[in-house]
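Here are a few short exercises to work through with the model open beside you. Try each task before reading its solution.

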Amino acid sequence: MTISLVERHDLNLYSPSASRVVKGRTKAPSRYDERMAERKMPGSQKNHAAPLGIFFLILAAVLWSLNGALINLVYEDGHGPHGVTIAFYRSLFAGLFLWPLAHGKFKTLRGVGPDETSPRGIRPAVFCCVLAFVSMTTCFVVANTMTEAANAIILQYTSTFWVFGLATLITGETPSRGELPVLALAGVGVSIIFLGGLWAGDRTNLAGLGIALGAGLFYGLLTLLLRRVRECDAAAITVVNNLGSAILLFPIVLVVGDVWLSTRAWWILMLMGAVQLGLPYYFFSLGLARVPAHQAALITMLEPILVPIWAYLAVKQPVPPQTVIGGGVILAALLLFIASKRKRSVLKE
């Protein structure tokens, strides 16, 4: 197969090692050139990263799914700390736990321009990430204290629909038509779980459901923003999100929350911060550096399937039949999506 001069020139633009000729002399590519080249690189040249990204996203979903069980363990005889207090300490412990991994890497949060000698501040998208993160975690934890954990997690995953709707606007990545049936099938699974619970007569709090829907909106925005700042170090952006969230929540905790907790609650919240919040968001950021946001949103829908399983193992909370059926539909959608991704990857090699 022959390649025209125009095509060869275009391919060179995608190469991070390509040099530029400026006023008769060759100039080595800057970090800005390399990052722009990576963004423009055809998908077929980045397929090798997709399987690893999917692995990181699945791992994040598994660790996230421990949330409901751990929150149930924090409460003793129906009593426990305020939801804002839980959100604050989770974020604080998560940020401190991951701080060593982020040491020396916070400079990646700064903007990079064509002229590297000009100083740049922290990217505006990073601040937006912090605001989306604190809004999402607070809404989700508060919703868990006002309605059933299954309702909170299911409604949070309306984020997938926000991601598909806003992906083109925020990240410039448009979902393919082939991914829409997978989204529809996953939506059917979510509907079975939620509507089945209402049909069974589960008692829910209307305000809690509304707050859970808000968590879904902010989770969708966070997913898209993390994809947009994917050049930033994953540990650095995770630490900033969590410690920024803790700083913003601390004044609210002083007013409506509890600063001092029982020893048992301290240990559980430290575990939640490190294992259930810090590590999975680190893996989530690593995954989003390799997988488009709308595809990541589909993969992490594994979480609502696992939540009732861990709740049963932790506090013997029974798994409703509608969760088994709906979870099976969601799992089928995820397996269909992963299989199609793997098939396309093999065909392009």
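Accessible areas here come from the Shrake-Rupley method with a 1.4 Å probe. Keep in mind that this is a predicted model.

**Exercise 1.** Find how much area the chain exposes and what share of it carbon and sulfur atoms supply.

*Solution.* Start with the total: the chain exposes about 17,300 Å². Next, split it by atom type: carbon and sulfur atoms supply 67% of that area. For the residues, 49% of the 349 in the chain count as buried.

**Exercise 2.** Describe the fold in terms of its helices, strands and contacts.

*Solution.* Count the elements: there are 15 helices and 2 strands. Then take contacts between residues at least 6 apart in sequence: 84% of them join residues at least 24 apart.

**Exercise 3.** Locate the largest nonpolar core and look around M301.

*Solution.* The largest nonpolar core holds 73 residues, and L222, Y281, F284 and M301 have the most contacts inside it. Helix α6 (residues 124–146) gives the most to this core, with 9 residues. Apart from this core lies another, of 20 residues, including V74 and V253. Now turn to M301: leaving aside neighbours within four places in sequence, M301 touches Y157, T160, A186, V190, I330 and L334.

**Exercise 4.** Is I252 buried, partly exposed or exposed, and why?

*Solution.* First place the residue: I252 sits in helix α11 (residues 234–256). Buried means under 20% relative accessible area and exposed means over 50%. I252 has 40% relative accessibility, so I252 counts as partly exposed. Finally, I252 joins F250, L254, V255 and V256 in a nonpolar surface patch of about 470 Å².

Methods. Residues numbered from 1 in each chain as written. Predicted model: local features only at pLDDT ≥ 70, side-chain atom pairs only at ≥ 80, totals over all residues. Heavy atoms only, no water. Core = buried A, V, L, I, M, F, W, Y, C linked by side-chain atoms within 4.5 Å. Buried < 20%, exposed > 50% of the residue type's maximum accessible area, 1.4 Å probe, protein only. Helix = DSSP H or I, 4+ residues; strand = E, 2+ residues; numbered from the N terminus. Contact = heavy atoms within 4.5 Å. Patch = residues over 30% accessible without salt bridge, like charges linked within 9 Å, V, L, I, M, F, W, Y side chains within 5 Å. Salt bridge = Lys/Arg side-chain N within 4 Å of Asp/Glu carboxyl O.
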